[in-house]
Amino acid sequence: MPELPEVETIRLGLDPHVRGRRITGARVLRDRAVRRQPGGEREFAGRLIDRTITGTGRRGKFLWLSLDDESALLIHLGMSGQLVVPGPESPPSPHVRAVLELEGTDGDGLTLQFRDQRTFGWVWACGAGGDGVPEPAAHIARDLMDPAVDPVNLAHAIRRRTSGIKRVLLNQEVVSGIGNIYADEMLWAARVHGETPADELSVRTLAKLLRAGREVMGRAIAVGGTSFDALYVNVNGESGYFARDLEAYGREGRPCRRCGTPIIRSTFMNRSSYHCPRCQRLPRRTP
């Protein structure tokens with residue numbers, strides 16, 4: 001599933017294409033793409049046509065297009081969603097679920113496609129709050145790339161949790177945008193075992209962990225995110241290259257680049273989790 005760096009990469013690539021353009025058409029090719037829209041395709045198109053896109057936004061894994069009537073088009077990519085501006089030589093895709101036709105200020109137009117092979121993603125034309133965040137995403141916590149997030153303050157909030165720290169990091173109502181890949185990477189960077197209860201970590205260690213997460217995600221955004229297959233691509237169809245720099249995730253049996261100990265894979269919440277057994281030791285509990 002695309003995580004914060006992948007979604008931010010898409011937003012950065014999308015913004016110059018769509019900002020300032022008027023929406024002249026909105027079509028839904030599969031009803032499942034607008035399953036959260038109360039009025040279905042008719043409401044979806046009615047709320048978007050003749051609106052002008054004033055910018056793009058993101059919180060965690062949620063992406064949106066801001067509109068000139070202070071509403072928004074909220075987008076969640078699910079596991080395989082893509083936003084693509086196809087060029088004249090682009091081959092047709094069987095996975096297009098919704099399409100926007102956009103007109104520029106100089107009369108030129110372009111098409112924005114929402115593609116989704118596994119159909120877990122969705123699009124939703126909706127209202128937005130005074131801060132510009134779409135109403136359905138208002139409950140989502142701020143993410144580590146948000147300048148308003150202070151690592152020390154967030155560390156104090158996390159330390160009140162008793163669950164394992166990795167489970168807390170994946171809770172989008174505590175801090176958003178972190179998924180399985182980047183949780184493993186920031187835990188490795190901070191030398192923290194993911195099963196360590198959050199309340200057993202010091203504020204200093206938690207703040208270090210959060211700063212590590214911000215640094216890891218920043219590096220991932222700089223190279224276009226992490227791509228393991230053709231399901232995640234940028235708006236122009238290109239893949240990200242951060243997979244080359246992963247320190248823990250997906251490196252089972254390969255030496256830790258810090259100490260040389262083979263990386264271990266374990267099962268966590270029905271998915272794979274990776275850590276170094278030497279650098280990231282689970283603290284012993286006293287009876």
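Student: Is Arg58 buried or exposed in this model?

Tutor: The model is a predicted one. The cut-off for buried is under 20% relative accessible area. Arg58, with a relative accessible area of 16%, is therefore buried.

Student: With which residue does the side chain of Arg58 meet in a salt bridge?

Tutor: The partner is Asp143, with N and O 2.8 Å apart. Asp143 is also buried, at a relative accessible area of 2%. Arg58 belongs to strand S2 and Asp143 to the loop between S8 and H3, so the salt bridge ties together parts that are 85 residues apart in sequence.

Student: Which residues are linked with Arg58 and Asp143 in a network of salt bridges?

Tutor: Glu8 and Arg11 are linked with them in that network. The structure as a whole holds 15 salt bridges.

Student: How should I read Arg59, and what is its nearest side chain of opposite charge?

Tutor: Check for a partner within the salt-bridge limit of 4 Å. Arg59 lies in strand S2, which covers residues 53-59. Arg59 is buried but has no salt bridge, and the nearest side chain of opposite charge, that of Asp131, is 4.5 Å away. The Arg59 side chain does reach the backbone oxygen of Ile140, at 3.4 Å. Beyond neighbours within four places in sequence, the contacts of Arg59 include Trp64, Val133, Asp143 and Ser176.

Student: Which other salt bridge has two buried partners, Lys166 and which residue?

Tutor: Both Lys166 and Asp184 are buried. Their side chains meet at 2.6 Å, N to O. This pair links helix H4, which holds Lys166, to helix H5, which holds Asp184, across 18 residues.

Student: Are Glu247 and Arg257 buried or exposed?

Tutor: Glu247 is buried, with a relative accessible area of 18%, while Arg257 is partly exposed, at 44%. The two form a salt bridge whose closest N and O atoms are 3.1 Å apart. Each of them sits in the loop between H6 and S9, 10 residues apart.

Student: Which elements give two or more residues to the largest nonpolar core?

Tutor: Helices H3 (151-158), H4 (165-169), H5 (180-190) and H6 (203-222) do so. H6 gives the most, with eight residues. The core has 40 residues, and those touching the most other members are Ile158, Ile165, Leu169, Ile178, Leu209 and Leu210. Leaving out residues up to four places away in sequence, Leu210 touches Leu144, Pro151, Leu154, Ala155, Ile158, Leu169 and Met186. A second, separate core has 29 residues, among them Ile10, Ala45, Ile53 and Val123.

Student: What should I note about the phi of Glu70?

Tutor: Most residues other than glycine have a negative phi. Glu70 is not a glycine, yet its phi is positive, about 65 degrees. Glu70 is in the loop between strand S3 (62-67) and strand S4 (71-76), and is exposed at 68% relative accessibility. Asn270 also has a positive phi, near 65 degrees. Asn270 is in the loop between strand S9 (264-268) and strand S10 (271-275), and is exposed, with a relative accessible area of 81%.

Student: Where is the pLDDT below 50?

Tutor: Where pLDDT is low, the predicted coordinates should not be read in detail. The chain averages a pLDDT of 90, and 91% of the residues score at least 70. Over residues 227-233 the pLDDT is below 50, although the stretch has 26 contacts in the model beyond near neighbours in sequence.

Technical notes:
Residues numbered from 1 in each chain as written. Predicted model: local features only at pLDDT ≥ 70, side-chain atom pairs only at ≥ 80, totals over all residues. Heavy atoms only, no water. Core = buried A, V, L, I, M, F, W, Y, C linked by side-chain atoms within 4.5 Å. Buried < 20%, exposed > 50% of the residue type's maximum accessible area, 1.4 Å probe, protein only. Helix = DSSP H or I, 4+ residues; strand = E, 2+ residues; numbered from the N terminus. Contact = heavy atoms within 4.5 Å. Lys, Arg positive; Asp, Glu negative; His and termini not counted. Polar contact = N/O pair within 3.5 Å; in protein donor to acceptor, adjacent residues only side chain to side chain. pLDDT = per-residue confidence, 0-100.
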